[in-house]
Amino acid sequence: MREDHQLREQIRRSADVPTPAPMLETVGRRARTIRVRRAAATTLVAVVVAAGIAIPLSGLVGIGDAQSDIGSMGARAGLIGFEPAEGWAMAASDPSHPDDAWQQAVFVTNGPFAPADLEGSYQKDGIVRLPSGAGQTQRALSDEGILIVASIVYESRNPLPPLESFPARDLPLRLPAGPPETSWEGYSEGLSRYPIAGAVDGRFVVVNVYFGSRTPSEAAMALAQEELSRLFVGSAPPPSVDDIDHFGIALDLPSGWHGRLYEWASGSPILEVSTKSVDKHQPGDPMIPNRGFLASLNDVSILLAESDVLDPGYMPLSSPISIREDDRCEGCEVLDDGTTPPSHHALFHRPFETGGRSFDLYVEFCFDPGTADLDRVNAVLSLIRIEPAPTAS
Amino acid sequence: MGGDVWVKVDEGFRVMYEREFPTVYRAVRLLCGDPALAEDATQEAFARALAKWRRLGSQPWAAGWVTTTALNVARRQSRRRAVPPPATPPEPDREAALDLVAGIRGLPPRQQEAIVLHYLLDLPVTETAAVMECDAGTVKTHLSRARATLARALNADDQSDPRSRDHA
């Protein structure tokens with residue numbers, strides 16, 4: 001016991017070095033990124049829940065109160081919105097970057113928007129923009145109050161993946177049968193809601209219909225249905241299976257390879273490339289595409305995910321994108337998805353930074369690859385083109 | 001700055017973070033030797049803990065989980081960085097400590113984890129086992145083997161280092 005105590009003291013003395021200052025804000029920001037990625041990767045339902053309230057809304061400039069104009073402006077300025085109707089007020093978020101315009105969320109309510117939500121609001125394209133969403137309006141709903149939040153939550157030029165969480169739906173949307181939910185992640189005290197997710201005109205859409213009562217009246221339900229019927233969604237352009245050129249990332253897919261480039265709301269762009277078709281990826285699957293389908297000595301899957309944080313772990317890349325023998329990462333998870341590859345698989349991970357953007361590159365083989373196998377994958381990786389981050393103006 | 005970044009942190013996490021940050025940092029620094037890498041890995045581990053705080057927050061071994069995560073992150077990243085040499089030559093009264101540090105860094109990763117969790121974080125064997133996802137007997141084995149290796153290393157240094165004989 002005495003020896004044990006001595007060892008403990010010796011180890012403590014050895015480790016007794018000055019520590020840097022904790023940086024809680026940095027930790028919080030990074031945790032948010034991890035949560036969003038995990039949600040997008042494993043529980044699309046979580047994305048559905050969050051999408052209505054977690055759209056990026058930074059970089060806005062307020063120009064004062066606009067309550068009296070809400071609802072009277074042209075509602076078709078965005079990809080998603082509600083036709084104007086008497087008794088309803090409409091507002092929208094305003095993504096901070098033009099390339100993120102698809103991430104716009106729209107809010108309609110049959111009561112006033114809460115003053116706190118209107119702080120810093122301004123008009124753009126004829127629509128009042130809320131800098132912080134409509135969370136306070138939601139909390140302040142009267143018993144007969146209704147708030148509907150609608151947003152597009154996924155962007156890609158490739159075909160939508162066949163996700164059960166997003167069944168094909170036609171407009172007008174209908175309130176689901178049965179009682180509304182009365183408990184969910186986030187603020188739900190005294191409220192109820194119907195979450196509706198679906199693929200509408202080639203876009204994944206999430207709509208949350210909130211009521212100010214846990215047992216909304218039939219009149220309130222009918223009123224909500226009327227407004228829901230005024231929802232419009234801009235049709236997506238026809239998708240292409242080989243158009244990998246979006247978000248400043250491009251790849252000319254070689255013959256025999258499949259790919260998909262997409263972004264979830266509040267997430268970052270993700271490029272999946274595989275020797276197997278990538279349309280089987282489902283919620284709850286590992287992030288690496290086709291892990292369960294890699295079978296032959298030719299099968300490889302690649303995942304390139306942009307990170308919205310730059311830290312020293314992302315080493316500058318001065319040559320074409322590639323993986324090296326040193327990048328083997330036994331026991332690693334892909335984007336913290338909670339899974340590790342089967343023991344006979346070989347996973348490589350290379351975090352890198354280029355042009356002011358940081359990425360995590362993962363490559364998984366279902367066998368132990370040799371130099372020729374790495375060369376074959378590197379030939380594909382070298383075709384990926386990444387545009388530099390836009391410089392701040 | 002900071003006003004444009006929405007950060008909402010559970011109070012329990014905030015308390016744990018401020019209390020445990022120095023210990024986790026020191027544990028990682030002890031094993032990797034690189035201050036910058038230790039800081040990055042510690043921050044990353046706390047971020048991962050915050051991301052799953054609902055499940056982790058109620059566990060008595062949350063700090064241990066953060067520590068092992070930080071160690072794994074550091075190991076992964078250290079393969080991509082050249083660890084800088086010590087900035088100054090060791091002082092005589094630090095020699096024993098440096099021998100111990102070198103001995104710990106030479107242990108297999110699982111023994112390193114067990115040593116750090118049990119001796120530096122003061123986790124009981126049962127909680128160390130929970131963090132390492134193994135049973136208590138395995139932890140005891142790791143600790144026993146680590147102690148034996150460290151004892152051999154320290155004794156060998158004592159006998160081979162002419163300075164130690166000079167002091168005797």
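The following paragraphs describe selected features of a predicted model, beginning with the fold of chain B and moving on to salt bridges, a helix of chain A and a few buried side chains.

Chain B is built from helices: nine of them, with zero strands. Read from the N terminus, its elements therefore follow the order α-α-α-α-α-α-α-α-α. The chain has 168 residues, of which 46% count as buried. Contacts in chain B often span long stretches of sequence: among those between residues at least 6 apart, 66% join residues at least 24 apart. The chain exposes about 8,600 Å², and carbon and sulfur atoms supply 52% of that area.

Salt bridges come next, and the structure holds 19 of them over all chains. One of these joins B:Asp122 to A:Arg8, with 3.0 Å between the closest N and O atoms. This pair crosses between chains: B:Asp122 sits in the loop between helix 6 (109-120) and helix 7 (125-132) of chain B, while A:Arg8 belongs to helix 1 (residues 2-15) of chain A. The two partners are covered to differing degrees, for B:Asp122 is partly exposed at 41% relative accessibility, whereas A:Arg8 is buried at 16%. The bridge is also part of a network of salt bridges that links A:Arg8, A:Arg12 and B:Asp122.

A second salt bridge lies within chain A, where A:Arg385 pairs with A:Asp252 and the closest N and O atoms are 3.4 Å apart. Here distant parts of the chain are linked, as 133 residues separate A:Arg385, in strand 19 (residues 385-386), from A:Asp252, in the loop between strand 12 (249-251) and strand 13 (258-264). With a relative accessible area of 42%, A:Arg385 is partly exposed; A:Asp252, at 53%, is exposed. Chain B offers another example, in which the side chains of B:Arg19 and B:Glu20 meet at an N to O distance of 3.0 Å. In this pair B:Arg19 is exposed, with 52% relative accessibility, but B:Glu20 is buried, with 14%.

Which residues of helix 6 (residues 218-228) of chain A are buried? They are A:Ala220, A:Ala224, A:Gln225, A:Glu227 and A:Leu228. These residues lie on the same side of the helix, because the arc they cover around its axis is only 165°. The helical repeat helps to picture this: an α-helix has 3.6 residues a turn, so residues three or four places apart point the same way. On the other side of helix 6 of chain A, A:Glu218 and A:Ala219 are exposed. The cover over the buried residues includes several strands of chain A, among them strand 1 (80-82), strand 3 (105-109), strand 6 (146-152), strand 9 (203-211) and strand 10 (231-233).

Strand 8 of chain A also contributes to that cover. This strand (residues 192-200) contains A:Arg193, a buried residue with a relative accessible area of 2%. The side chain of A:Arg193 makes a polar contact of 3.2 Å with that of A:Asn208.

Finally, what of the cysteines? A disulfide is a covalent bond between the sulfur atoms of two cysteines. A search of the whole structure finds zero disulfides over all chains. Two cysteines may be noted for their burial: A:Cys366 has a relative accessibility of 9% and so counts as buried, and B:Cys32, at 12%, is buried as well.

Terms used:
Residues numbered from 1 in each chain as written. Chains lettered and ligands numbered in written order. Predicted model: local features only at pLDDT ≥ 70, side-chain atom pairs only at ≥ 80, totals over all residues. Heavy atoms only, no water. Helix = DSSP H or I, 4+ residues; strand = E, 2+ residues; numbered from the N terminus. Buried < 20%, exposed > 50% of the residue type's maximum accessible area, 1.4 Å probe, protein only. Polar contact = N/O pair within 3.5 Å; in protein donor to acceptor, adjacent residues only side chain to side chain. Disulfide = S-S within 2.5 Å. Arc of directions from axis to C-beta. Contact = heavy atoms within 4.5 Å. Salt bridge = Lys/Arg side-chain N within 4 Å of Asp/Glu carboxyl O. Areas by Shrake-Rupley, 256 points an atom, 1.4 Å probe, with all protein chains shown as cover.
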